Amino acid sequence: MKNQEIARILYEIAEYLEMEGVAFKPRAYNKAGLGLETFNRDVEDLYKEEGFKGLKKIPGVGESIAQKIEEYLKTGKIKYYEDFKKKIPSSVEALTAVEGVGPRKVKIIYEELGIKNLDELEKAAEEGKIRKLPGFGEKTEKNILEGIAFLKREKGRFLLGEILPTAREVFAKLEKLKEVEKLSMGGSVRRMKDTIGDLDFLAISENPEKVMDLFVSMPGVVRVWGKGATRASVHMSQGFDMDIRVIPRKSYGSALQYFTGSREHNIHLRKIAIEKGLKLNEYGVFKGQEMVAGEDEEEVYKVLGMNWMAPELRENTGEIEAAIREAQGKPDGLPKLIDYKDIKGDLHYHSRWQESDGTPIEEAALAAMDFGYEYIGISEHTKALKIEHGLDEKQLLHHISEIEKINSRLSQGSGKQSKFRILSGCEANIMQDGSIDIDDKVLAGLDYVIAGVHSKFKMPVEKMTGRIIKAMENPHVDIISHPTGRLIMKREEYQIDVEKILEAARGTKTALEINSYPERLDMKDVYIKRAREEGVKMIINTDSHIPSQLHYIEYGISQARRGWAEKEDIINCWPVEKLLKFFNE
DNA sequence: GCCGTTTTCGGCCCGACTGTTTTCAGTCG
């Protein structure tokens, strides 16, 4: 996929244009970059199939940018961009990553001092050369040094699963302050994005200064980035930043809306406000001087002519249009999102990750019951994954009979226990040629089969796509685990043709997994949305190895919601009989 | 440079904070 690659160049062109002080074009390039990055088709395929005209289908891409994309696809270069690089050969992206340094400052430090990268910038700042530049001073220099130190220390973003528990702890602490009347979390955490940059808190308080004081002196705060009358920003020892804003009650809803974002969602909303002769900002919706909404988030959306929508949807990928249609009573409104309580069981659980003496399957079943589930599926690794104690055919037959025994024991128990069901499964390996490492006869004896790629991740796109499709065509395979293989911030996705995979999944009635493991969250939201549009069924699993990981399901559900998934799209929202019927078809 | 149930031309989201100025530019979210 070259989408990301070209998008990055477009973003950099935007920065160069900003350096030059060009108006409006930077926004156009940023928009086109985002359009390309979030476009659900491979730009190379698009160009091959539909030519130059196809490129203009990408949101934000018109005549001129389409030409530049075409140039890149043909030659691997864009002259317009190369010319900028010749003029100012700075690592723009690296330099603007420093807090307080933007394109204009990058231009000045290059032209005055010839600085092109972070190391040179750091050296110049240490030598006291930065403070002498026009528009710079001692403080800016100091901030640059601290900003660079920060970048070196942290990579910048955190996994949702890493940060959400901490965010909730901080929330609980802040909420206890007697000066805080009301508190909410905004930002990407409220939208449950797969990675989080920082935490945003919003509060109502009669005594904002006091809240600011308390916020910057909270335990865990190692640095105060800034502190004003209504806003403060701090760095935490765990490595992330937190912001807080104190907001008047009458503006709480609009502030919550504004600080939840996304940025693109907000920009779209403001345009709609303007079209209606209104002005939208974090303090409310205004008609002239008169405030027409603000205290309540739902009201804010309502006066803009649309229904309220879940934060997970707010990425400006069609949710605003859907909310408007819904408010007008038209069909094709907002999706009725799967709820965090809709999952009835988890089918990706490894009980034998350590060869322990206990009864790990029963332990898993009891934990799942406590979790409110009606069933759990035990899906051990299979023999090709020796390092994970993968089971061979003989051991799998034993696995099946063991589960039968536990099931019959449970069925004689009382109430909840008697209705609970353990399903026998496995997570088999999709070998290089697309075959499965377990004999079909044994696969047939299991309640369900998950198949996944666990080796040879770096195959060319046609081969990897064919490999997975062949696995789906095996009549015993019911689910493909972590379909793209990404490890967030660690490993790229495998090269696959997502459209072809979706087509095959629908044709073979194979469910695609939404793996809830915090560093996987695989499939990601845009693929979930595509899968749903194509009528492909999905399943949200945790890939747990111990009972305490069952709660990861929340992260998988959040990604499903971000992908517009409804209850019917997700097969483990179904009762066990319907689920087994699906597997048997 | 893009885009259009008011437009193929004339618009393009908005406010807080910082650091540098002496009324504001740059950056951020």
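**Pairing, burial and DNA contacts**

Trainee: V285 stands opposite A293 in strand 10; what makes strand 9 and strand 10 a pair?

Mentor: This is a predicted model, in which local features need pLDDT of at least 70, side-chain atom pairs count only at pLDDT 80 or more, and totals for chains, interfaces and linings use all residues, while side-chain values use heavy atoms, leaving out hydrogens and water. Residues are numbered from 1 along each chain as its sequence is written, with chains lettered from A and ligands numbered from 1 in the order in which they are written. Strands (E, at least two residues) and helices (H or I, at least four residues) are DSSP runs numbered from the N terminus, and two strands pair if DSSP finds at least two bridges between them. Three bridges join strand 9 (residues 284–287) to strand 10 (residues 290–293), which run antiparallel, so the requirement of at least two is met. The hairpin that they form has two residues between the strands, and G288 there takes a positive phi near 60°.

Trainee: What makes strand 15 and strand 16 a pair?

Mentor: Strand 15 (residues 479–480) is joined to strand 16 by two bridges in the parallel sense, so the minimum of two bridges is just reached. Within that pairing, I480 stands opposite L512.

Trainee: Why is strand 16 described as largely enclosed by the rest of the structure?

Mentor: Buried means under 20% relative accessible area, exposed means over 50%, and partly exposed lies in between (1.4 Å probe, protein chains only). Five of the five residues of strand 16 (residues 511–515) are buried, and the strand is therefore called largely enclosed. A511, E513 and N515 point one way and L512 and I514 the other way, all of them buried.

Trainee: Why is E169 called exposed, and why does S262 count as buried?

Mentor: E169, which is found in helix 10 (residues 160–176), has a relative accessible area of 52%, and this value is called exposed because the limit is over 50%. S262, in the loop between helix 13 (252–260) and helix 14, has 4% relative accessibility, and so falls under the 20% limit for buried. With contact meaning heavy atoms within 4.5 Å, and not counting residues up to four places away in sequence, S262 touches R191, R314, E315 and N316.

Trainee: What makes H399 buried, and which residues is H399 in contact with?

Mentor: H399 belongs to helix 18 (residues 393–411), and its relative accessible area of 3% makes it buried. Leaving aside neighbours within four places in sequence, H399 is in contact with I361, I378, E380, L391, S424, G425 and L446.

Trainee: How do you know that helix 17 is mostly covered?

Mentor: Eight of the eleven residues of helix 17 are buried, namely P360, I361, E362, A364, A365, A367, A368 and M369. Their cover includes strand 11 (345–349), strand 12 (375–381), helix 18, helix 19 (415–419) and strand 13 (421–429). Just after helix 17, G372 takes a positive phi of about 90°.

Trainee: What makes a set of residues a nonpolar core, and which residues touch the most other members of the largest one?

Mentor: A nonpolar core is a set of buried Ala, Val, Leu, Ile, Met, Phe, Trp, Tyr and Cys residues joined through side-chain atoms within 4.5 Å. The largest has 62 residues, of which I422 and L512 touch the most other members, and helix 17 (residues 360–370) gives the most to this core, with six residues. Apart from it lies another core, of 43 residues, among them Y16, F84, V101 and I109.

Trainee: How do you know that K25, G102 and T140 make polar contacts with DNA strand B?

Mentor: A polar contact is a pair of N or O atoms within 3.5 Å; within protein, one must be able to donate a hydrogen and the other to accept it, and residues adjacent in sequence count only if both atoms are side-chain atoms. From a phosphate oxygen of DNA strand B, a polar side-chain atom of K25 lies 3.4 Å away, a backbone N or O atom of G102 lies 2.7 Å away, and a polar side-chain atom of T140 lies 2.9 Å away, so each distance is within the 3.5 Å limit.

Trainee: What makes a residue near DNA strand B, and which element gives the most to that surface?

Mentor: A residue is near if one of its heavy atoms lies within 4 Å of the strand. Helix 14 gives the most, with five residues.
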